[in-house]
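Dear colleague,

I am passing a structure on to you, and below it you will find notes on what turned up in it. Please read them with the sequence and the model open beside you.

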Amino acid sequence: MSEKATISSKNSAEDSEDEGPLSSTIKMRSGGEPSVKKEIEEKPLASEATQNGSIKKENEQLNSPKALNKRLLGDSSTPTQSSVKKPRLSESSVSAKAKQVSVKAEVKTEDDDDDDDDDVPIAERLKKAAVAAGTSQPKKKTITKVVSSSLKTSKKSKKIIKKSQYSKSIKLQPSSGDGQKWTTLEHNGVIFPPDYTPHGVKMLYNGQPVDLTPEQEEVATMFAVMKDTDYATKEKFVENFMNDWRGVLGRNHIIKKFELCDFTPIYDWHQREKEKKKQMTAEEKKALKEEKMKLEEKYMWAVVDGVKEKVGNFRVEPPGLFRGRGEHPKMGKLKRRIRPSDITINIGKGVPVPECPIPGQRWKEVKHDNTVTWLAFWIDPINSKEFKYVFLAASSSLKGQSDKEKYEKARLLKEYIHEIRVNYTKDFTNKDLAKRQIAVATYLIDKLALRAGNEKDDDEADTVGCCTLKVENVSLVPPNKIEFDFLGKDSIRYQNTVDVELPVYKAIGQFKNGKKDGEDLFDKLDTSKLNAHLKELMPGLTAKVFRTYNASITLDDQLHKNTKDGDVGLKVTTYNLANKEVAIICNHQRTESKSHTAQMGRLKDKMKELRDEVDKLKVDLERAKKGKPPVKEYDDEGKEKVKRNLAPDAYQKKINSTNAKIEKMERDMSTKEELKTIALGTSKINYLDPRISVAWCKRHEVPIEKIFNKSLLAKFAWAMDVDPSFRF
DNA sequence: GCCAGCACTTAGGACGGGGTTA
DNA sequence: TAACCCCGTCCTAAGTGCTGGC
């Protein structure tokens, strides 16, 4: 069970029949087909119009007959042959279908209210429903075409955007339809961690120092340095560690029982080393850093189709003890050292194969597969069914292209969401149990942004997603609430009580009926069935698209509704609040920092000091008004403090400025408290279409650097030239 | 239709640098 | 000057989803 606080639900009880998922107006054809096919072929998509035509180009490419090529079954292990894989449907189909979707290019102004609730996440609409009952239909400005150049960015905002060295956009090459990811690829392979250097510090066994070989000492040290982590106290961790360590120690070694092991001498040695490192002068640290840089420089870059791109993880993982999350059955197992003979390299044909950095050794294999993006991989030593890949960095064009496609797919869902909701609502009462389960699962994924929930093996932590929810994870709370309590990805607890439509409540009751704890709630369903069904509703649609859609549309909606005139600081606060809403929806949590309570305590003390100061200043102000000197004050040693006589105006000024400090501090404290277990970064990196943020910054003259750090600016370079009118 | 293999995205925590404060 | 704290970066685990083969 996670120790983290649970994010409380924002889903409220206003989930009435009228304001449910189906209440909103939609742009649909009477036949139920989304939007206007003919119109589209003549007019660009709204998004196309804002993308300098680049998307249209993509669609053409993805639509090409080449996209239907099948995978050729070549011997991919032969270095001279590259396997050509069948492109994923999702890559081609979304863009292809995109042509069939509506669109009159519409621009909603900041003043416009949303009149189409299907463009808003359900959770938000539920909240809105209570407030908005009886509100009049808002107006929407419709124009025939949006061309980026026709929308003027104000001079000032242009300047702000231009000022940023990262604001230049990159033009992404559309991904080809045949699954080919690159034409030429050059890189220098991977770098290995240094060999183990024995320290010679002896651990104790049964109180006596023990001699260990370097290999045995290395594993002992891995455990010793984790002595003060939670892992070291977990039975499973210790058990797995001891089993693997015994293998290294050999059958006849004196060390048998963990209880008799004392790793303290090694732990202390490690602490001293850490301290030594800390005590190094700035110059020494700099020199060390430069040396490391020199060693690594050549591995940091790849050249893809003639463009120099950063490599993401060019360092091979060092050996260690496996740190699985939650109650992972393999925690503590020895993750052995990876050697060149474990590594498969992928590189362009006709360019030099990276030299193996360890003399006398060689790569396991060299491939030339241009249908994949990995530069190297090795088999995970903890789970031999899995691979560890070396990919390009997030800032690379390849990653950028795929990121953009992800957001375009989520935007496409906007066009289909109404029909999808109509569809699943109808099926809440379907006689076919499988259909009923699909309907309810889709509803939960849409409404609560739950993950799909693939099946898991027994040798993984016991976590669930939507399709793998167990009977005990879901409780009925009459008359129509459902309480969720389960461990999701990374064993993060999801605890939420939500109002649901009555048919959903009844259906879940039926699914639970006659089942015991530990049994699947959706016994007729798994992720492949669910995704197959979703694909019938929209090309390329899968469960995870709903998370992207919900997150991005929530940000867009919140920014649209809540941005007020004011200084940049205020606007950034508005942004962060919107970001927080998204993090709550996606259940992005972090562990409360160990020092949080102490930090809050210190802030409270400081606040009290400031308040006392204001009280004293008020007294002195009254005295000054009467021409009296300020009240005498004494320090800890009883010596009188020097206090100047000030004019009443000066006291008032001081009071005002101290009050301002108090107000700021109150705001900071409440933000700190609210965000102590909420992680904002995850959604910003993975779920929020960066074009929403960039366009909002342009419209409101907020420097983009206030929203994106250096890494994000690089990752989202492709989004920087978005038109200011862009809406998700 | 199912499963295993594969390729990729999404995720939280560790760590360290640098700015701020006492 | 040290302690504190924030933030960016790195690390790698843990998900999702597609495909081919049976």
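A polar contact, as the term is used here, is a pair of N or O atoms within 3.5 Å; within protein, one of the two must be able to donate a hydrogen and the other to accept it, and residues adjacent in sequence count only if both atoms are side-chain atoms. This is a predicted model, in which local features need pLDDT of at least 70 and side-chain atom pairs count only at pLDDT 80 or more, while totals for chains, interfaces and linings use all residues. Residues are numbered from 1 along each chain as its sequence is written, chains are lettered from A and ligands numbered from 1 in the order in which they are written, and side-chain values use heavy atoms, with hydrogens and water left out.

DNA strand C

A residue is called near a strand if one of its heavy atoms lies within 4 Å of it. By that rule 35 residues surround DNA strand C, and the closest are Arg 315, Arg 325, Lys 388, Lys 456 and Ser 711. Of the atoms of this strand that come within 4 Å of the protein, 91% belong to sugar and phosphate. The backbone takes part in two of the contacts I picked out: an N or O atom in the backbone of Gly 453 lies 2.6 Å from a phosphate oxygen of DNA strand C, and a backbone N or O atom of Ala 543 lies 3.2 Å from a phosphate oxygen of that strand. From a side chain, an N or O atom of Lys 335 is 3.1 Å from a phosphate oxygen of DNA strand C. Helices (H or I, at least four residues) and strands (E, at least two) are DSSP runs, numbered from the N terminus; helix H14 (527–537), helix H15 and helix H17 (596–625) each supply at least two residues of the surface near DNA strand C. Sorted by class, with Ala, Val, Leu, Ile, Met, Phe, Trp, Tyr, Cys and Pro as nonpolar, Asp, Glu, Lys and Arg as charged, and the others, Gly among them, as polar, this surface has seven nonpolar, eleven polar and 17 charged residues.

DNA strand B

Around DNA strand B there are 31 residues, of which Phe 387, Lys 399, Lys 489, Thr 591 and Tyr 687 come nearest. Sugar or phosphate makes up 82% of the atoms of DNA strand B within 4 Å of the protein, and the rest belong to bases. Polar side-chain atoms lie 3.1 Å from a phosphate oxygen of this strand in Lys 181, 3.0 Å in Tyr 389 and 2.8 Å in Thr 682. Two or more residues of the surface near DNA strand B come from each of strand S12 (387–390), helix H11 (397–427), helix H15 (543–562) and helix H19 (681–686), and H11 gives the most, with three residues. The surface divides into seven nonpolar, eight polar and 16 charged residues.

Within the protein

The UniProt record, an unreviewed entry, annotates residues 270–298 and 593–627 as "coiled-coil region"; its positions are given in the numbering used here, feature names are shortened, and annotations may be inferred rather than shown by experiment. In the model, residues 270–298 are 86% helix and 0% strand, with end C-alpha atoms 31 Å apart, and residues 593–627 are 86% helix and 0% strand, with end C-alpha atoms 51 Å apart.

Two details of the backbone may be worth a look. Pro 478 and Pro 479 are joined by a cis peptide bond, with omega about 5 degrees, and Pro 479 sits in the loop between strand S13 (474–477) and strand S14 (481–487). Ser 491, in the loop between S14 and strand S15 (493–499), has a positive phi, near 60 degrees, in a residue other than glycine. For background, most residues other than glycine have a negative phi, and most peptide bonds are trans.

With kind regards
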